[in-house]
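Reader: I like to see labels earned rather than handed out. Could we go through a structure together and check the terms against their cut-offs?

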Amino acid sequence: MKLPLTLGEFIIENQRDFPYASGELSQLLSSLRIAAKVVNREINKAGLADIRGAAGNDNVQGEAQQKLDVFANDIFIRSLRARGEVCGVGSEEEEDFISFNDPIHNTSKYVVLIDPLDGSSNIDVNVSVGTIFSIYRRVSDPGTPVQMRDFLQSGSEQVASGYIVYGSSTMLVYTTGRGVNGFTFDPGIGSFYLSHPNLTIPRRGKIYSINEGNYVHFPEGVKKYIKFCQEFNPESDRPYSSRYIGSLVSDFHRNMLKGGIYIYPKGTTAPNGKLRLLYECNPLAFIAEQAGGKASDGYGRIMEIVPTDLHQRVPYFIGSIEMVEEAERFMKQYADLVS
Ligand code: AHM
Ligand code: MG
């Protein structure tokens with residue numbers, strides 16, 4: 001019997017795929033993999049936090065239990081700092097980027113952008129959450145401390161990106177620009193196994209995912225597209241089904257497997273939408289494109305946007321290629337209409 005491939009084995013086997021293969025990217029991916037296991041363990045225990053809290057189960061320093069998003073942030077940053085491949089990290093949880101400013105890390109090639117625990121408001125109700133990460137080569141000179149311009153690169157410059165979904169099972173999905181592969185965690189053994197080799201997004205699906213509570217604030221193109229999704233038209237499989245978890249990684253992951261579109265548009269109360277370009281939109285856009293899907297701001301390719309701010313927000317349309325193109329047609333057609 002052929003044993004299934006673990007993520008660790010897969011990373012090493014595919015090291016040669018990477019144009020600058022020197023093992024550093026493999027090490028970096030391994031740091032993320034290990035941190036993901038620790039975060040996964042804590043998330044699985046999340047429902048017990050109150051019970052343990054009631055029993056006075058503070059940590060040894062007498063500190064109350066940390067919030068999970070802060071915990072996840074600490075674990076990923078500590079894990080990346082513990083090795084020498086990364087010179088700095090930008091995180092949703094940190095206002096400024098973190099520079100691992102010391103003689104070893106300053107020589108490192110890579111920077112990481114991360115949303116350590118996306119959708120964390122869902123934890124209290126036992127709904128899936130995720131981690132999203134993006135890896136770039138630095139553009140500043142090695143040997144010097146990392147700079148803001150190392151983080152403000154277009155998504156098309158990404159070397160690798162991925163996400164972890166902590167769901168009914170925990171999965172890690174990533175790309176280094178040679179397709180997308182998914183790994184499922186076996187908690188009994190403590191390893192991720194290759195379960196979804198060469199993932200591709202169906203060209204179209206039957207699911208649209210959007211927070212329709214914001215409907216009145218949406219641009220006219222989005223309103224018209226939603227009505228199009230709801231119309232009866234058996235020839236094009238409409239009406240589509242509406243599915244919105246409110247946890248980007250989970251909504252994206254489901255649409256990846258089944259086909260569908262996720263939209264977080266701008267609205268009058270959110271002029272650029274809600275989602276962050278650098279550590280939410282670009283990494284998933286890289287995955288989507290590598291899987292044959294598409295990611296857009298409604299008019300153009302997400303990965304071509306030149307970032308100006310670490311925490312910049314952008315309207316987001318991602319998923320099955322034909323559905324994203326369909327939505328773009330509505331955006332263009334109704335671009336001039338004020339909602
Ligand atoms: P977060 O990074 O603060 O968790 O916010 C991002 C999340 C996404 O996971 C999700 O798709 C979106 O916010 C939901 O927002 P809304 O509640 O406005 O629909
Ligand atoms: Mg987030």
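Author: Happy to; what follows takes the domains, the metal site, the backbone and the salt bridges in turn.

Author: Please keep in mind that this is a predicted model.

Reader: Let's begin with the domains. What are the domain bounds, and how do you know where to place them?

Author: Domain 1 covers 7–196 and domain 2 covers 207–333. The bounds come from an automatic or database domain assignment. Taken over C-alpha atoms, their centres are 24 Å apart.

Reader: What makes residues of domain 1 and domain 2 count as being in contact?

Author: Heavy atoms have to lie within 4.5 Å. With that cut-off, 46 residues of domain 1 touch 30 residues of domain 2. About 2600 Å² is buried between the two domains, and carbon and sulfur atoms give 65% of that area. On the domain 1 side, Ile132, Leu152 and Tyr163 supply 23% of the area buried against domain 2, more than any other three residues.

Reader: Which kinds of polar pairing does the interface of domain 1 and domain 2 hold?

Author: The count of salt bridges between the domains is zero, while 14 residue pairs are in polar contact. Several elements give two or more residues to the domain 1 side, among them strand S3 (110–118) and helix H5 (148–151). Strand S4 gives the most, with seven residues. By class, that side has 20 nonpolar, 19 polar and seven charged residues.

Reader: Now the magnesium ion (ligand 2). What makes a residue a donor there?

Author: An N, O or S atom must be within 2.8 Å of the metal. Glu92 (OE), Asp115 (OD), Asp118 (OD) and Glu280 (OE) lie 1.9 to 2.5 Å from the ion, so they qualify as its protein donors. Their spacing in sequence reads E-x22-D-x2-D-x161-E.

Reader: Why say that Glu92 and Glu280 tie together parts far along the sequence?

Author: Glu92 sits in the loop between strands S1 and S2, and Glu280 in helix H8, so the pair links parts 188 residues apart in sequence.

Reader: Which peptide bond is called cis, and where does its proline lie?

Author: The bond joining Arg238 and Pro239 is cis, with omega about 10°. Pro239 is in the loop between helix H6 (220–230) and strand S10 (241–242).

Reader: What makes Asn198 worth pointing out?

Author: Asn198 is not a glycine, yet its phi is positive, about 45°. Most residues other than glycine have a negative phi. Asn198 falls in the loop between strands S8 and S9.

Reader: Last one: why is the pair Arg254 and Asp251 called a salt bridge?

Author: The closest N and O atoms of Arg254 and Asp251 are 3.1 Å apart. The cut-off is 4 Å, so the pair passes. Both residues belong to helix H7, where being three residues apart separates them by about one helical turn. The full count is 13 salt bridges.

Key:
Residues numbered from 1 in each chain as written. Chains lettered and ligands numbered in written order. Predicted model: local features only at pLDDT ≥ 70, side-chain atom pairs only at ≥ 80, totals over all residues. Heavy atoms only, no water. Buried area = accessible area lost by both parts, 1.4 Å probe. Salt bridge = Lys/Arg side-chain N within 4 Å of Asp/Glu carboxyl O. Polar contact = N/O pair within 3.5 Å; in protein donor to acceptor, adjacent residues only side chain to side chain. Helix = DSSP H or I, 4+ residues; strand = E, 2+ residues; numbered from the N terminus. Nonpolar A, V, L, I, M, F, W, Y, C, P; charged D, E, K, R; others polar. Donors = N, O, S within 2.8 Å, 3.2 Å for Na, K, Ca; no water.
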